[in-house]
Structure formats: structure tokens, C-alpha cells
Amino acid sequence: MGAKRILTLNVNGDDYEVVCAPNTTLLEALREKAFLTGTKRGCDLGACGACTVLMDGEAILSCITLAVEAEGRSIRTIEGVSDGGELSPLQQAFVDHGALQCGFCSPGFIMSATELLAENPHPERAEIQRRLAGNLCRCTGYVKIVEAVEAVAQGAEGGAR
Amino acid sequence: MKVLNVVGQRVPMHDAAAKITGQAQYTDDLVLPGMLFGKLVRSTVAHGRIKSIDVSKAKALPGVKGVITGMDIPDRVYGIVPKAKDEHALAREKVRYIGDEVAAVVAIDQETAEEAARLITVEYEELPAVFDPLDAIKEGAPLVHENTPGNVSAQIHKEFGDLEAGFAASDYVFEDSYYTHAQNHAPMEPHAALASYDALNGDLTLWSGTQIPYFLKRNLSTTLVIPEQNIRVIKPKVGGGFGQKIDMFAKDFCACWFAKELGRPVKFLYDREEVFQSTRQRHPMYLTLKTGVSKEGKIIAQKITAHADGGAYNSTAPLMITLSCFFVMIPYKIENLVYEGYHVYTNKPVGGAMRGHGIPQPRFAIERQIDQIAKRIGVDASEMRLLNAIEAGEPHPAGFIINTCGFADSVREASKAIGWAEKRGKLPFGRGVGIACASFPSGVANMSHLASGCVVQLSSEGRVSVLSGAADIGQGAETVIAQIVAERVGVPMEDVHITAADTGLCPLDAGTFGSGVTVRAGNAALNAANDIRAQLFPVVAEALGCEVDEIEAANRLFWVRDDPDRSVGMRDILRQYQYIDRSLPIVGRGAWVPPADSATTLLTNNGNLSPNYSFMTQAAEVEVDLETGRVNVIKVLTAHDCGQPINPMLVEGQLEGSILGGIGYALYEDSTCIDGQQHNPSFLDYGFPTMMELPEMEGIHIDTDDPIGPFGAKEAGEGTQLAPAPAIVNAIADAIGVDFDRLPVTPDMILAALKKQREEAAGEAR
């Protein structure tokens with residue numbers, strides 16, 4: 001396992017000191033050491049996207065990213081998306097369009113879509129599908145997720161934050 | 001559709017904000033002080049006698065707090081169907097599939113628990129194993145359970161009319177065989193359990209990602225020998241179930257056992273491989289259909305023989321095979337009918353309830369055969385379905401009572417919308433359209449333990465608190481129940497707060513299965529809300545100077561129906577209620593059980609299987625890539641009679657999700673098991689539809705108003721999973737002229753069929 005050491009992870013603007021082994025994943029550090037459980041564990045294999053977080057603005061899979069790699073980087077999780085008690089326009093669009101059912105994949109979708117809209121505020125449907133294809137959802141059939149992202153992209157719900 | 005205030009509206013799920021912000025708590029998100037972590041040791045052989053288990057190294061590992069094998073816990077079996085219980089939390093003498101549980105450990109952290117599990121060595125005497133139900137029923141086949149000769153653990157034989165006379169009276173008789181494969185539910189949330197124990201009171205609490213809290217409570221009591229009144233099961237948010245979480249698992253029993261033995265909270269979490277291998281999957285099934293028809297395409301007689309691959313244990317076996325049987329009697333009228341079904345044990349992962357539960361398999365066979373027969377006798381496949389369509393109010397051979405039925409309309413509407421007349425048989429080679437039909441129960445009647453209860457409390461400040469036993473697994477059951485209560489009490493959604501699926505607080509409920517929640521728990525909520533009205537409305541009538549039956553209520557306001565200016569608000573009424581010295585809160589109670597002649601079992605008796613029935617026709621347009629064999633599903637539309645939707649947005653969500661699940665079932669999802677070993681137990685290898693496979697979708701509402709369902713509602717959760725696969729495979733047949741008789745239809749199969757087609761054409765040309 002190797003020696004554990006204390007890492008400082010900057011998550012949503014706050015510094016968390018967490019004790020990690022060299023093989024501790026960022027997902028484990030977030031969920032089990034910082035108690036930020038909004039990021040979900042679906043497969044532990046980088047296959048489902050439920051654990052997606054932003055690292056320096058880029059959407060990454062925290063279950064196949066080591067915690068040590070995240071040191072010195074800026075991590076944004078689902079807990080850092082809504083502004084206080086207020087939903088982001090993207091989150092509001094997901095709620096209004098019924099773009100979630102069980103909700104387990106939703107944080108990952110929000111992170112991936114947040115990255116997408118930050119890069120391209122007005123993506124076409126095909127780009128939305130391509131960019132979110134790494135996030136699996138078993139409940140919704142994706143239709144309403146696409147519609148929610150489109151609504152934000154077309155300005156119906158205001159811009160992404 | 002009726003116009004109401006809250007019911008029938010596109011209301012977001014009441015917990016949507018919690019889910020979308022990551023605040024919603026699923027079982028694995030819960031942490032208790034002093035919590036220990038568990039890990040299971042699983043069988044590495046498909047069939048074997050346990051000779052010895054060496055746990056000494058695991059016990060000696062620092063940080064390990066407990067190790068148990070099957071011999072350390074009571075010799076009690078569990079199971080969702082009481083008379084089909086056949087599973088031990090941990091195997092005792094024998095293991096029956098690769099993945100069967102043999103030991104469990106708990107430790108101070110997950111790494112230590114996993115290390116300890118690796119240190120346990122199990123010595124097996126390997127036994128001959130059997131992997132196919134048709135082999136398993138042969139004489140001399142290895143017995144998966146010694147007490148089950150022939151490996152048939154559940155069977156059903158139903159006979160209506162005179163089959164032989166029907167075949168004799170038919171112009172044509174066709175016999176065709178089909179095979180459907182194993183599909184995994186693949187809920188996004190892996191299964192988890194967290195237990196804690198109060199040593200003073202002897203109270204055990206289990207948080208579990210379950211669809212059936214009350215069945216789980218009962219099974220915990222009987223297997224761990226703890227009085228039921230000392231057990232509380234709480235369902236946190238559940239990240240999808242689709243039937244897989246209808247069962248209970250080693251994680252639940254072991255978490256509870258260790259919590260009680262050690263006096264510390266214990267959590268078990270399955271990894272994705274365990275979810276694929278050691279929970280449940282859709283039963284593979286062999287089906288043979290012998291069907292007699294008139295020259296016009298009227299079905300005169302049909303015999304269906306089915307062998308379901310049950311895997312190593314029963315799970316829902318008797319219920320599955322019963323549903324499989326009864327739903328070949330609907331949506332077509334077949335007077336002379338025989339169904340013979342067998343649930344067969346094999347040394348493989350266990351079959352269980354999965355969206356559709358035993359019905360998608362015969363639906364695939366029947367809907368494929370109708371298309372094949374239509375082609376053979378030269379009739380239109382859509383017309384043939386209409387010719388055989390069941391209608392409301394007709395006497396039914398098995399005793400179904402069908403009050404409302406939009407089936408024939410669904411065939412017409414779906415055919416029209418897909419462009420049947422212009423496209424069927426007329427599109428360029430490689431492109432085609434197909435339809436398929438289905439019906440589904442809104443929960444099962446005629447069986448015990450199917451009551452739902454509800455308590456609604458109206459507080460002095462107007463807060464409406466609902467206690468319901470219903471288990472929301474992400475489909476929105478809590479929202480639907482809250483809408484029903486809000487509508488009847490006359491308040492907006494934000495006034496209603498629901499607590500559900502906590503057996504320590506909430507009234508009894510059967511759980512989430514059979515697509516029965518909206519009708520059953522919805523009616524219980526309606527009755528409870530009506531009880532509130534019965535207590536409150538006399539005071540309103542007095543205030544308004546009218547009769548009780550003249551009162552309308554909405555948005556915290558009460559008014560006289562024919563004189564809306566005479567109105568009074570909820571706060572005023574609650575104040576008046578207090579002034580006349582009546583006690584607050586007002587508590588309404590309600591319960592509901594599907595009407596049935598007697599509590600019996602449909603395995604042996606006929607009867608009205610369900611309080612009501614949904615109907616649908618689904619149509620698909622596909623394009624087959626002739627180079628790669630890949631199928632692009634261009635469009636899927638559904639003409640849907642689900643009664644009056646309580647929440648159209650949630651109904652659409654159910655429909656859209658089922659279509660993607662149906663595409664996966666038709667074309668690629670396949671839990672491959674070779675010699676008992678699963679070969680693709682991960683999301684990477686299994687592969688279910690992503691956003692890239694999204695077809696164009698359209699839903700057509702066929703309007704019916706059911707007298708039994710709350711506000712006219714019927715089921716909308718499972719029925720739409722039945723027909724997409726046969727509709728797609730029928731469309732493939734239209735596209736390339738190949739009749740596939742097994743699922744999934746893979747690119748390899750398509751390329752091989754196209755090659756054969758070319759060779760045959762070349763042969764004829766020569």
C-alpha cells in the first residue's frame with residue numbers, strides 16, 4: 001500500500017487536509033475523507049461518469065484519478081455548483097425538465113454539462129450527445145437531459161455558471 | 001385528460017433539488033460513528049461442496065473485528081416469495097454458482113476488510129455443474145438443490161378452451177422457437193446496507209437500498225431470529241432498482257448480524273462486479289409457440305412452452321412464471337390457449353424480477369411470430385394485431401376484469417404515426433419499420449401481503465405530512481403520492497411533506513414491484529386524504545353556509561362550487577377548527593388492497609390478476625448498416641394507454657427510460673456466462689445505451705379513464721419495457737428480410753445472415 005501522507009486538496013475553494021495512501025483515489029478522498037458524498041461511486045472503473053468532478057475546470061473521473069494527482073489543483077464538485085441555496089441555471093433546468101429520476105448519475109451529468117457549457121455556451125444537440133456520452137443514466141433514457149442542457153444553451157434558463 | 005390543480009400537472013419530483021445538488025443521501029453516503037466495513041467471500045466454483053473454510057489468517061489480521069461463515073449463523077433460508085425460500089445468507093454445505101456467498105468479514109476500514117477476505121481460504125469438492133435449463137431438466141443432470149428433482153423449482157400449466165379442436169379448426173398451424181438472453185438491471189447505485197443495533201432495547205435498524213422494506217424486515221426477523229417488532233428498515237434514496245432491489249442479499253443479513261454481535265454499526269457495499277454477478281438478472285428463456293390461425297389471421301389456438309433459466313436460486317420464481325403465463329392472455333383474445341412454464345435451476349447467476357418480470361420474453365416470441373405468420377399467410381401484421389385485439393368489458397378466459405382498454409386504438413395510432421401504410425415493406429433495403437404490442441398489470445391482486453397504508457396529518461399551521469410505505473426508487477412514487485394528497489386536501493405541492501419507506505414510522509406497504517405503486521399506494525393516499533376531508537369539510541361547510549358536497553378546494557382555498565366568491569382560506573378554517581375545540585392535528589388514515597375474490601395464488605387459481613391493465617403499441621424505424629451489421633434505431637414511438645397520468649412528465653420519463661432499456665435488450669446488452677463464469681461483469685464490458693444511441697421518440701396518449709386507479713391512473717413503469725425489443729427486431733426483419741428468433745440481435749448475427757442471404761441468392765441465380 002505504501003506510506004500514507006497528508007495531502008492538501010483544494011475543493012470548492014476550501015483546503016481539506018486528508019490522510020491518503022498512494023493508491024487512494026480522488027473519489028475516496030472526497031467521499032470518505034472530506035465527506036463530500038455528492039460525488040457518486042458507480043463503477044470504480046471510469047466507465048459510468050457518476051464520479052465526474054472538475055479539476056482546474058476540466059471534467060475528470062475521480063474514481064480513476066489518484067488523490068495525490070489532485071494536490072495543488074483546483075477541484076470543483078457538485079457541492080460547489082449551486083450558489084448557496086440557489087440552484088445553478090443548469091441544475092434548475094434539470095429539475096424543470098424532469099431530467100433526473102433516481103438522481104445517482106445527476107451530479108456527474110451536471111459536472112460534465114457545466115464543463116461543456118463553460119467551453120461552448122451554445123452547443124448543438126449532436127455536441128451535447130457526444131460530450132455527455134461518457135455519463136451513463138439507466139433511468140431517464142437521456143431525452144430530458146439533452147433537453148435541459150439545450151434549454152440552458154438556448155438561453156431559456158440563463159447561462160451556465 | 002381531466003383538468004385538476006396538482007394531479008395531471010408536470011410537477012418536478014419533490015426531491016429533485018436534493019438530488020441535483022448532491023445532497024440526497026443514498027445508503028453508501030451514510031456514515032455512523034464507530035462504523036465498521038464489511039466484505040463478502042464468494043465462491044470461485046460453479047457447483048461444489050464446501051470441505052473446509054480457513055478463517056484463521058483473516059481473524060488474526062489487525063483491525064479485523066469479525067469473521068463468519070454459514071455455520072456461524074442460524075440455519076434459516078430467505079426469499080421474497082414465502083414458499084419458495086431457498087437461499088442462505090452464507091452457504092452452508094454447498095455453493096451453487098460462481099459468486100455464491102461463503103463467508104463475511106468486518107474490519108475497521110474497507111482496505112482491511114478486503115485484505116481479510118483475501119486471506120480466507122475455502123476448499124471445495126467440485127461437483128458436476130449444469131448451465132442450461134434444457135440440460136438441467138434431463139434425467140441424470142446434476143441437481144442444483146438436492147430437494148428439487150429435475151431442477152424444476154416452479155411450474156405452471158394453464159389451459160383454456162380446447163387446444164386440439166382449435167388447431168383442427170385453424171387454416172394454418174405454425175410452430176416456432178425463440179430464445180431470450182440475460183439482461184442485467186444495471187442500476188447506477190451499487191447495492192449497499194448499513195445496520196446499527198441498540199443493545200439496551202434490542203432494536204436493530206437497517207438502512208438498505210431496497211424496493212421492499214417490509215418484506216426485508218420480515219426476512220431479517222425469520223433468518224436472524226429477531227422479533228419483527230425490534231427491526232426497523234429504512235430505505236434511503238435508491239439509485240435505481242428496475243427489480244434488482246426487489247430481492248434481499250447477503251449484505252443485508254451480514255450487516256445486521258455483525259451489528260448485533262459487535263454492537264457497532266456495519267456497512268456493506270457491493271462493487272460493480274458483485275452487482276452483475278451476485279444480485280439478479282433477467283431470466284433467459286427458451287420458448288416454443290404453436291399457433292393456429294384462420295386465413296384472415298385470427299388466432300384460433302396457441303400453445304406456449306417456456307423454460308426459464310433461473311440460475312442457482314428461486315428469487316421470485318413462482319411469481320415470475322405466473323406473470324409470464326397470464327400475460328400471454330392479453331392484449332390478444334385467444335380462446336384456446338395452453339401455457340406450460342418451467343423455472344429451472346442452473347449453476348449460474350440468479351434470475352429475478354426485472355422491469356416486465358417474465359413477460360418481455362414471451363412478448364418477444366409472440367410479437368415475432370405474429371409478424372412471421374402475417375408474412376407467411378399474406379396478411380398485414382398491423383391488421384392481424386387489430387383483428388385479435390382484446391376489448392374492454394369482454395369476458396376473459398382467466399377472469400381478468402378489463403374496465404378500460406385503449407389497445408385497438410394504440411395499434412391504429414402507432415401504425416399511423418410510424419407511417420405503416422407508406423413504409424412497411426416499401427423502404428429501401430436496409431431500412432424498415434416494425435410494431436409490437438403489450439399489456440401490463442398495475443400491480444398484482446389475488447396474492448397476500450398486497451395492502452398499502454397511508455397516514456396524512458394536517459397540522460395547525462397547514463403543513464401536510466404524509467406517511468407512506470411506498471418505496472421510491474427514483475421513479476417518483478413519493479411525488480405522485482404527494483400530488484394525490486395535495487389535490488384532495490386542496491393545497492399546493494410545497495405544503496406536502498412526505499416520509500416514506502421507513503418501517504418504523506410508516507404504514508405497511510408491499511413495496512415497489514409489479515408496477516403497482518401508483519394504483520395501490522396512490523389509492524391508499526387518496527383514501528387518507530379523503531379522511532382528512534371528511535373531518536375538515538363539515539367545518540368548511542359551516543363557514544361557507546353550504547353543503548359538504550358543494551365545496552371545492554385548491555391552493556389553500558375553499559369555495560362554493562357554483563358561487564366561487566363565497567370562499568375561505570385554509571388558515572381561517574384551521575383556526576375555526578381549533579375554536580370549536582376539536583383536536584389538531586387532523587389525522588387521516590387510508591388503506592387500499594386490490595379488489596380480489598379471495599386471497600389466493602394465481603399459480604393454481606385463475607382470477608383478476610390486477611386492479612387494472614395498461615396497453616401499448618410501440619413502433620420502431622431502423623436502419624441496418626449493411627457493411628458493419630450495426631443497427632441504428634432511428635425512431636421509437638409509443639401509443640400508450642396508461643389511464644390518466646398523475647404526472648405526465650414522470651410518465652414520459654418512464655417511457656423514455658424503458659425505450660433505451662429495450663434498445664439495449666434488443667441489440668447488445670447481454671450478461672454473458674460461459675461455464676458458470678460471467679465474462680462481462682463491468683460497465684465497460686457489458687455496455688448499455690449511452691446518449692449517442694438516443695433515437696427520436698414520440699409518445700401518443702390513448703385516453704382512458706379507469707374507474708379503479710386513483711384519478712383514473714394505470715401503471716406506467718414497466719409495460720413500456722415489453723414491446724421495444726420485438727418492435728425493433730420486427731423492423732430489422734422488414735429492413736433486411738431476416739427473421740431473427742433470438743436476442744440480442746448483434747452485428748455478427750446480422751452480417752452472417754446477410755452473407756447467407758447473398759449466397760442463397762447467388763445459388764438461385766446459378
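Colleague: How many salt bridges are counted between chain B and chain A, and what makes a pair of side chains count as a salt bridge?

Modeller: In this predicted model, the count between chain B and chain A is six salt bridges. The rule asks for a side-chain nitrogen of Lys or Arg within 4 Å of a carboxyl oxygen of Asp or Glu. Lys144(A) and Glu652(B) are 2.6 Å apart, N to O, and because the limit is 4 Å, such a pair is called a salt bridge.

Colleague: Which elements of chain B give two or more residues to the side that touches chain A?

Modeller: These are helix H1 (16–20), helix H17 (648–667) and helix H18 (683–686) of chain B, and H17(B) gives the most, with eight residues. By class, that side of chain B has 27 nonpolar, 14 polar and ten charged residues.

Colleague: How many residues does each chain bring to the contact, and which residues of chain B lose the most area to chain A?

Modeller: Chain B brings 51 residues and chain A brings 48. Between them the two chains bury about 3,900 Å², with 67% of it on carbon and sulfur atoms. On the side of chain B, Ile20(B), Met188(B) and Met691(B) lose the most area, together 22% of what that side buries.

Colleague: Why is His185(B) called buried?

Modeller: Buried means under 20% relative accessible area, and His185(B) has 0%, so His185(B) counts as buried. This residue sits in the loop between strand E8 (172–180) and strand E9 (192–198) of chain B. Leaving out residues up to four places away in sequence, His185(B) touches several residues of chain B, including Phe242(B), Gln244(B) and Met354(B), and also Arg138(A).

Colleague: What makes the approach of the His185(B) side chain to the backbone oxygen of Ala353(B) a polar contact?

Modeller: The side chain of His185(B) reaches that backbone oxygen at 2.7 Å, and the cut-off for a pair of N or O atoms is 3.5 Å, where one must be able to donate a hydrogen and the other to accept it. A polar atom of the same side chain of His185(B) also lies 3.4 Å from the backbone oxygen of Arg280(B), which is again within 3.5 Å.

Colleague: Why is H17(B) said to be largely enclosed by the rest of the structure?

Modeller: The statement rests on the fact that 19 of the 20 residues of H17(B) are buried, so this helix is largely enclosed by the rest of the structure. From its first C-alpha to its last, H17(B) reaches 29 Å, close to the 28 Å expected at 1.5 Å a residue.

Colleague: What makes H14(B) a mostly covered helix?

Modeller: Twelve of the 13 residues of H14(B) are buried, and among them are the charged residues Glu478(B) and Glu487(B). Helix H14 (residues 477–489) of chain B reaches 18 Å from its first C-alpha to its last, close to the 18 Å expected. Just after H14(B), Gly490(B) takes a positive phi of about 90°.

Colleague: Why is Thr672(B) placed in its accessibility class, and is that class buried, partly exposed or exposed?

Modeller: The relative accessible area of Thr672(B) is 29%, which lies between the limits of 20% and 50%, and therefore this residue is partly exposed. Thr672(B) is found in the loop between H17 and strand E26 (673–674) of chain B. Apart from its neighbours within four places in sequence, Thr672(B) is in contact with Gln677(B), Gln678(B), His679(B) and Asn680(B).

Methods. Residues are numbered from 1 along each chain as its sequence is written. Chains are lettered from A and ligands numbered from 1 in the order in which they are written. This is a predicted model: local features need pLDDT of at least 70, side-chain atom pairs count only at pLDDT 80 or more; totals for chains, interfaces and linings use all residues. Side-chain values use heavy atoms; hydrogens and water are left out. Helices (H or I, at least four residues) and strands (E, at least two) are DSSP runs, numbered from the N terminus. Buried means under 20% relative accessible area, exposed over 50%, partly exposed in between (1.4 Å probe, protein chains only). Contact means heavy atoms within 4.5 Å. Buried area is the accessible area (1.4 Å probe) that two parts lose on being put together, summed over both. The expected span of a helix is 1.5 Å times one less than its number of residues.
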